[in-house]
Amino acid sequence: MPTAPFKDPVFVSRPLLPSLDTLVPALSEIWEAKWLTNMGAKHIQLEQELKRELNASNISLFNNGTIALLAAIKSLSLSGEVITTPFTFAATPHSLTWQNIKPIFCDIDAETLTIDPKKIESLITGKTTGILGVHVYGNPCDVHAIDLIAKKYNLKVIYDAAHAFGTEINGQGIANFGDITMFSFHATKLFHSAEGGCLATKDQNLKYTIDLLKNFGIKNEEEVVSVGINGKLSEPHSAIGLLVLDLIASERSKRSRIKNKYKECLNDVPGISIFETKGTSKDSFQYLVAIVDEDRFGRSRNAVFEELRRHNVIARKYFFPLCSNFPIYKDFPSAHPTNLPVANLKSEQVLALPFYGELSLDSVEKICEIIKGTR
Ligand SMILES: *Cc1c(COP(=O)(O)O)cnc(C)c1O
């Protein structure tokens with residue numbers, strides 16, 4: 001019997017919302033202090049708590065992840081060319097292009113979907129100043145291999161960890177690799193502050209440079225020492241972040257159960273697999289991604305996507321289109337599909353499915369029946 005559509009749309013994610021009973025008192029404190037932004041009490045507290053949560057040496061909060069990434073690139077004085085992945089959100093290559101740095105696209109590894117270190121060295125030229133990797137779906141890049149390449153060629157390393165809040169390798173927080181790691185606190189991320197983000201670095205001096213950059217380069221009332229930007233996170237946003245932080249442990253365990261249910265229901269379907277992280281001791285549980293192998297499943301990822309749509313399930317093709325196929329990048333020599341076979345193939349196979357704590361296990365079963373019914 002065909003599965004009936006869901007009455008209301010089922011989205012890929014839903015934001016974690018602290019109860020208004022906890023938010024109103026936090027806002028009252030801000031009103032009382034009459035201090036709405038510029039590194040107030042909530043901002044200071046959130047930086048402290050995130051240091052602990054991410055086991056990071058230094059945290060600098062930002063008003064969103066993209067501005068944080070811009071500031072990271074600026075703080076390391078990157079220029080010329082930076083090697084990055086096409087299998088990411090637009091913000092990753094754009095943050096380079098925005099400051100006249102050319103993104104050089106490198107293919108990804110077929111298992112981890114992160115930048116393939118074996119393909120980085122052949123892309124290095126006299127203009128290369130850095131590597132910008134992305135911990136896709138919370139799966140860490142091969143940080144050790146990338147570290148060796150960076151040391152050999154004297155390159156800086158930045159990681160886009162927008163999906164990797166809480167990811168750990170051998171018990172070590174993901175923020176402890178590379179020169180700087182960026183996290184996004186956008187509403188669609190597991191941990192969020194409606195809008196927001198941060199940079200993590202082990203280097204205290206770099207944290208100082210970053211903090212100047214996020215506040216127009218203002219050192220004190222009489223000295224402006226760098227070309228900064230306005231990257232400050234406000235007090236109301238910081239207050240939301242502090243309250244959401246209390247919710248993520250239970251959200252993670254709910255998502256863990258949901259993931260197991262998806263795996264159980266799709267286990268025996270040839271050509272459909274659930275993406276699994278490799279080499280992590282703790283996962284971010286940011287996305288639940290199905291990989292559709294058209295040859296084995298018999299239908300394409302797009303067919304599954306359309307079938308879900310017909311049943312009011314709004315899955316997302318993360319990451320499609322590939323950044324290297326955007327009109328603005330497609331004519332770069334490194335963007336040619338023959339240089340990026342794995343990324344091009346995977347972007348036709350991936351499908352992010354609904355994944356949030358409040359999603360019932362019955363709904364998961366139904367979503368899986370719809371997927372199976374595509375055949
Ligand atoms: C969400 C996201 C960003 C951008 O973060 P914002 O906080 O929305 O600016 C950057 N990179 C990746 C991979 C993302 O998923």
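Trainee: What makes serine 184 a polar contact of the ligand?

Mentor: A polar side-chain atom of serine 184 lies 2.7 Å from an oxygen atom of the ligand. The cut-off is a pair of N or O atoms within 3.5 Å, so the pair counts. Bear in mind that this is a predicted model.

Trainee: How do you know that threonine 66 and lysine 189 make polar contacts with the ligand?

Mentor: Take the values in turn. For threonine 66, a polar side-chain atom is 2.6 Å from a ligand oxygen. For lysine 189, the value is 3.2 Å, again to an oxygen atom of the ligand. The limit is 3.5 Å, so both pass.

Trainee: How much of the ligand does the protein cover?

Mentor: On its own, the ligand has 380 Å² of accessible area, and the protein covers 92% of that.

Trainee: Where does the ligand sit?

Mentor: In the largest pocket. Helix 3 (65–75), helix 4 (91–97) and strand 9 (180–184) each give two or more residues to the shell around the ligand.

Trainee: Which residues of the shell are closest, and how many are there in total?

Mentor: The shell has 15 residues, and the closest are Gly65, Thr66, Asp160, Ser184 and Lys189. By class, four are nonpolar, nine polar and two charged.

Trainee: Why is the pair of phenylalanine 165 and phenylalanine 185 called edge-to-face?

Mentor: A search of the whole structure finds 14 aromatic pairs. In the pair of phenylalanine 165 and phenylalanine 185, the centres are 6.3 Å apart and the planes stand at 80°. Centres must lie within 6.5 Å, and planes over 60 degrees apart count as edge-to-face, so the name fits.

Trainee: What does that pair tie together?

Mentor: Phenylalanine 165 is in the loop between strand 6 (156–160) and strand 7 (168–169), and phenylalanine 185 is in the loop between strand 9 and strand 10 (197–201), so the pair links parts 20 residues apart in sequence.

Trainee: What makes the phi of tyrosine 137 worth a mention?

Mentor: Most residues other than glycine have a negative phi. Tyrosine 137 has a positive one, near 55°. The residue is in the loop between strand 5 (128–134) and helix 5 (143–153).

Trainee: Which peptide bonds are cis, and where?

Mentor: One joins tyrosine 318 and phenylalanine 319, with omega about 0°. Another joins phenylalanine 320 and proline 321, with omega about -5°. Phenylalanine 319 lies in the loop between strand 15 (313–314) and helix 11 (341–347). Proline 321 is also in the loop between strand 15 and helix 11.

Notes
Residues numbered from 1 in each chain as written. Predicted model: local features only at pLDDT ≥ 70, side-chain atom pairs only at ≥ 80, totals over all residues. Heavy atoms only, no water. Near = heavy atom within 4 Å. Polar contact = N/O pair within 3.5 Å; in protein donor to acceptor, adjacent residues only side chain to side chain. Areas by Shrake-Rupley, 256 points an atom, 1.4 Å probe, with all protein chains shown as cover. 1 Å grid on protein atoms, 1.4 Å probe; cavity = no way out; pocket = protein on both sides within 12 Å on 5 of 7 lines; lining within 4 Å. Sits in = over half its atoms within 2 Å of the grid points. Helix = DSSP H or I, 4+ residues; strand = E, 2+ residues; numbered from the N terminus. Nonpolar A, V, L, I, M, F, W, Y, C, P; charged D, E, K, R; others polar. Phe/Tyr/Trp six-rings, centres within 6.5 Å; stacked < 30°, edge-to-face > 60°.
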